[in-house]
2 protein chains.
Amino acid sequence: MLSYTEENYLKIIFILSYPTAKEISTNDIAKNLNINAASVSDMLKKLKQKNLIDYAKYQGVSLTQEGRKIAVNIIRKHRLWETFLVNTLNFSWDEVHDIAEQLEHIQSNLLIEKLYQFLGFPKFDPHGEPIPDENGTFPETKDWICLNSCKKQQKIEVKSITDDSSDLLQHLDKISVNIGVKIEVIEKNSYDKSIDVLINDIKQCTLSKEISEKIYGVLLD
Amino acid sequence: MLSYTEENYLKIIFILSYPTAKEISTNDIAKNLNINAASVSDMLKKLKQKNLIDYAKYQGVSLTQEGRKIAVNIIRKHRLWETFLVNTLNFSWDEVHDIAEQLEHIQSNLLIEKLYQFLGFPKFDPHGEPIPDENGTFPETKDWICLNSCKKQQKIEVKSITDDSSDLLQHLDKISVNIGVKIEVIEKNSYDKSIDVLINDIKQCTLSKEISEKIYGVLLD
DNA sequence: TTTATTTTTTAGGCTTATCTAAAAAATATT
DNA sequence: AATATTTTTTAGATAAGCCTAAAAAATAAA
């Protein structure tokens, strides 16, 4: 049985290396978990010893099959709980992250099976993030592109926001960006990489790089 | 913010002293939490310092108002989650204890409010245990008596099982004892304090003291 | 009431997960 | 290629929550 802490390390290693599967640095993990790099070094030794990561000193880290399996299961639980909170308990999408961070560590396979069934076997969570199935397979999203990478006059239907922090989601609420909304690129501003967009053919606004790179969708027209 | 561990100490102190509100011994806590009495002594010092318990060396322990409030909230959460697991996710009543032990520590007032509402403001959990409301008030159960205390020929309708361990509950399933079932005392056996009972006017069996003292209900006739 | 037993506390240790400071390795710059 | 900078690791500490063994206090028995 892994500790809450160990699970969080595996999760963040997975998230930082998805979908590229490249090696992750000690510093990246430290920054993301808000802890000291020295602490990360200690933990990496321990996770390697448990055969959950591949790790050689100074060389970065990646998940073993076993480590990946655990990480994906945590993410599955996180996203199923977020779906429950929004769909069943009527939370808004910006309120659920912190609660799901706790719920994802509840240990019970039967619970997750039953929750999954109760929710109707959802494939995506309320932010559009894909929910891996019981075998760790993610639903198909290969036709999704990043808003950030769209050219002028291209238009997407929003499928996913790849960050469930309440700050970002509240901001998106304010400018009426939601899953399903249509966004057209009106202008690309090279100096700060921001873009001017038209939301649902009505509302014009400017999105900073920090925001546009977190919005994914399918190309329209 | 209290740790998971501190919350468990407060919870067990509450449960051991309910409803009598008498002082609890270090040993009782140790046995119930399956840890060493020395560890309990350490923790009691800490909880006293945080003003959550009244405690003087060698004199036993009781909850302060603040401590009681926290303990009752944990119990509230435990019982609401058990209700959710049984009523919403179709768990059987003997499967939910261990999962609720984890879920009771999830921190979010809003979550509990919303869960409470979703469940229809239940007053009792699937084992008939009273669920305290948001002010920490328990629903009325003063007309409930222990099966153990019934005299020969008295009959009760089962309202509550005061132990949600799966061992006991599976045993009760086996002999068809459930909430709502009627149990009549046929004979009291003084040598081992067991009783012979008739369940739902059909099935006769013998209940040991260990079982009968955990069954509560209202007197019929 | 004195002695024996049980309960509780203290003292000293261990493990986990964190920290800071310093050393070592890798990477970037001149 | 030599030096400077950044990243990573090691070394040594700390706090939480547990342990065992021994001492102290309370309770029960003789």
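**Two protein chains and two DNA strands: a predicted model**

α3(B) gives the most to the surface near DNA strand D, with 5 residues. I begin with that helix, and I should state at once that the model before you is predicted. My remarks follow the two DNA strands in turn, then the contact between the protein chains, and finally the domains of chain A.

Let us stay with strand D. In total, 22 residues surround DNA strand D, and the closest are A:S41, A:Y55, A:K57, B:S3 and B:K46. Of the atoms of DNA strand D that come within 4 Å of the protein, sugar and phosphate account for 78%. Which elements supply at least two residues each of this surface? They are α2 (26-33) and α3 (37-49) of chain A, together with α1 (4-16) and α3 (37-49) of chain B. By residue class, the surface near DNA strand D divides into 9 nonpolar, 9 polar and 4 charged residues.

Several phosphate contacts on this strand deserve individual mention. An N or O atom in the side chain of B:S3 is 2.7 Å from a phosphate oxygen of DNA strand D. For the side chain of B:Y9, the corresponding distance from an N or O atom to a phosphate oxygen of this strand is 3.3 Å. B:N36 contributes through its backbone: a backbone N or O atom of B:N36 lies 2.7 Å from a phosphate oxygen of DNA strand D.

I turn now to DNA strand C. Around it there are 22 residues, of which A:S39, A:K46, B:S41, B:Y55 and B:K57 come nearest. Sugar and phosphate make up 77% of the atoms of DNA strand C that come within 4 Å of the protein. Here the elements that each supply at least two residues are α1 (4-16) and α3 of chain A, along with α2 (26-33) and α3 of chain B. The largest share, 5 residues, comes from α3(A). The residue classes on the surface near DNA strand C are 9 nonpolar, 9 polar and 4 charged.

The phosphate contacts of strand C involve residues from both chains. From chain A, an N or O atom in the side chain of A:S3 is 2.7 Å from a phosphate oxygen of DNA strand C, and for the side chain of A:Y9 the distance is 3.3 Å. From chain B, the side chain of B:Y55 places an N or O atom 2.4 Å from a phosphate oxygen of DNA strand C.

Next, the interface between the protein chains. Here 20 residues of chain B are in contact with 20 residues of chain A. The two chains bury about 1,600 Å² between them, 77% of it on carbon and sulfur atoms. Within chain B, B:L89, B:Q102 and B:K114 lose the most area to chain A, together 30% of what that side buries. How many salt bridges are counted between chain B and chain A? The count is 0. There are, however, 4 residue pairs in polar contact across this interface. On the side of chain B that touches chain A, the elements giving two or more residues are α4 (65-88), α5 (97-103) and α6 (109-118) of chain B. Among these, α6(B) gives the most, with 5 residues. That side of chain B divides into 12 nonpolar, 6 polar and 2 charged residues.

Finally, the domains. Chain A is divided into domain 1 (4-63) and domain 2 (144-219). The C-alpha centres of these two domains of chain A lie 31 Å apart.

Technical notes
Residues are numbered from 1 along each chain as its sequence is written. Chains are lettered from A and ligands numbered from 1 in the order in which they are written. This is a predicted model: local features need pLDDT of at least 70, side-chain atom pairs count only at pLDDT 80 or more; totals for chains, interfaces and linings use all residues. Side-chain values use heavy atoms; hydrogens and water are left out. A residue is near a molecule or strand if one of its heavy atoms lies within 4 Å of it. A polar contact is a pair of N or O atoms within 3.5 Å; within protein, one must be able to donate a hydrogen and the other to accept it, and residues adjacent in sequence count only if both atoms are side-chain atoms. Helices (H or I, at least four residues) and strands (E, at least two) are DSSP runs, numbered from the N terminus. Ala, Val, Leu, Ile, Met, Phe, Trp, Tyr, Cys and Pro count as nonpolar, Asp, Glu, Lys and Arg as charged, and the others, Gly among them, as polar. Contact means heavy atoms within 4.5 Å. Buried area is the accessible area (1.4 Å probe) that two parts lose on being put together, summed over both. A salt bridge is a side-chain nitrogen of Lys or Arg within 4 Å of a carboxyl oxygen of Asp or Glu. Domain bounds come from an automatic or database domain assignment.
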